[in-house]
Amino acid sequence: MRRVAVDRTLDTDAATVRSRMADVGPFMRAAGFDEVTHEGTDLHLANEVGPVRIELTLELLDDADAELAYRQREGIFEEMITRYYVTETEGGTRVEAETEFELDVAVVGSFLDATVISAQRRRELTAQLDFLAE
């Protein structure tokens, strides 16, 4: 499995960070997805990555260790899970975001490989941390 992780300590208080994450639609849009639909525990995302349109159906998870967690149900990955951790520190609120994934080679094709997906995912997670810092 590949792993992409970003972290940052924010000046924003933990309650505000948690509240902004809990409003899943805007939080996912902050990653730069072109389309976001949130219904119950389902998230449907679509994004243009170069000439390829990626569509994912995600399931929100109840993960006692993470502030927010979801896994792919349908999409380009053999497996994919993302978790966000929020920790209050003396210096602010530390947010860690990590995605672990395994590509479904039959679905992805020659344009997208793990390196491209990792770079794209790092940009998306960083954009979400920027959103939380605002």
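In this predicted model, the side chains of E124 and N47 meet in a polar contact at 3.5 Å. E124 belongs to helix 4, which runs over residues 114-133. Is E124 buried or exposed? With a relative accessible area of just 6%, E124 falls under the 20% cut-off, so it counts as buried. Once the neighbours within four places in sequence are set aside, the residues in contact with E124 are A31, F33 and N47. N47 therefore turns up twice around this glutamate, as the polar partner and on the contact list, and a relative accessible area of 6% is why E124 itself is called buried.

Next come the aromatic rings. How many aromatic pairs does a search of the whole structure find? The count comes to four. One of them joins F27 to Y84, an edge-to-face arrangement with 5.1 Å from centre to centre and 70 degrees between the planes. This pair ties together distant parts of the chain, since F27 sits in helix 2 (residues 24-29) while Y84 sits in strand 6 (residues 77-89), 57 residues apart. Both partners, F27 and Y84, are buried.

Y84 also pairs with Y70. Here the ring centres are 6.1 Å apart and the planes stand at 45 degrees, so this pair is classed as tilted. Again distant parts of the chain are linked: Y70 is in strand 5 (residues 68-74) and Y84 in strand 6, with their positions 14 residues apart in the numbering. Y70 is buried, just like Y84.

Which residues do the ring pairs link into a cluster? The members are F27, Y70, Y84 and F131. F131 has a charged companion too: R20 lies over the face of its ring, 4.2 Å from the ring centre.

That leaves the nonpolar interior. The largest nonpolar core takes in 36 residues, and M21, M28 and L132 have the most contacts inside it. Which element gives this core its largest share? Helix 4 does, with six residues; E124 is found in that helix as well.

M28, one of those well-connected core residues, has a long list of partners. Not counting residues up to four places away in sequence, M28 touches F33, V36, L43, L45, L58, Y70 and Q128. Two names on that list have come up already: F33 is also in contact with E124, and Y70 is part of the aromatic cluster.

Methods
Residues are numbered from 1 along each chain as its sequence is written. This is a predicted model: local features need pLDDT of at least 70, side-chain atom pairs count only at pLDDT 80 or more; totals for chains, interfaces and linings use all residues. Side-chain values use heavy atoms; hydrogens and water are left out. Helices (H or I, at least four residues) and strands (E, at least two) are DSSP runs, numbered from the N terminus. Buried means under 20% relative accessible area, exposed over 50%, partly exposed in between (1.4 Å probe, protein chains only). A polar contact is a pair of N or O atoms within 3.5 Å; within protein, one must be able to donate a hydrogen and the other to accept it, and residues adjacent in sequence count only if both atoms are side-chain atoms. Contact means heavy atoms within 4.5 Å. Rings of Phe, Tyr and Trp (its six-membered ring) pair if their centres lie within 6.5 Å; planes under 30 degrees apart count as stacked, over 60 as edge-to-face and the rest as tilted. A charge sits over a ring if NZ of Lys or CZ of Arg is within 6 Å of the ring centre and within 35 degrees of the ring normal. A nonpolar core is a set of buried Ala, Val, Leu, Ile, Met, Phe, Trp, Tyr and Cys residues joined through side-chain atoms within 4.5 Å.
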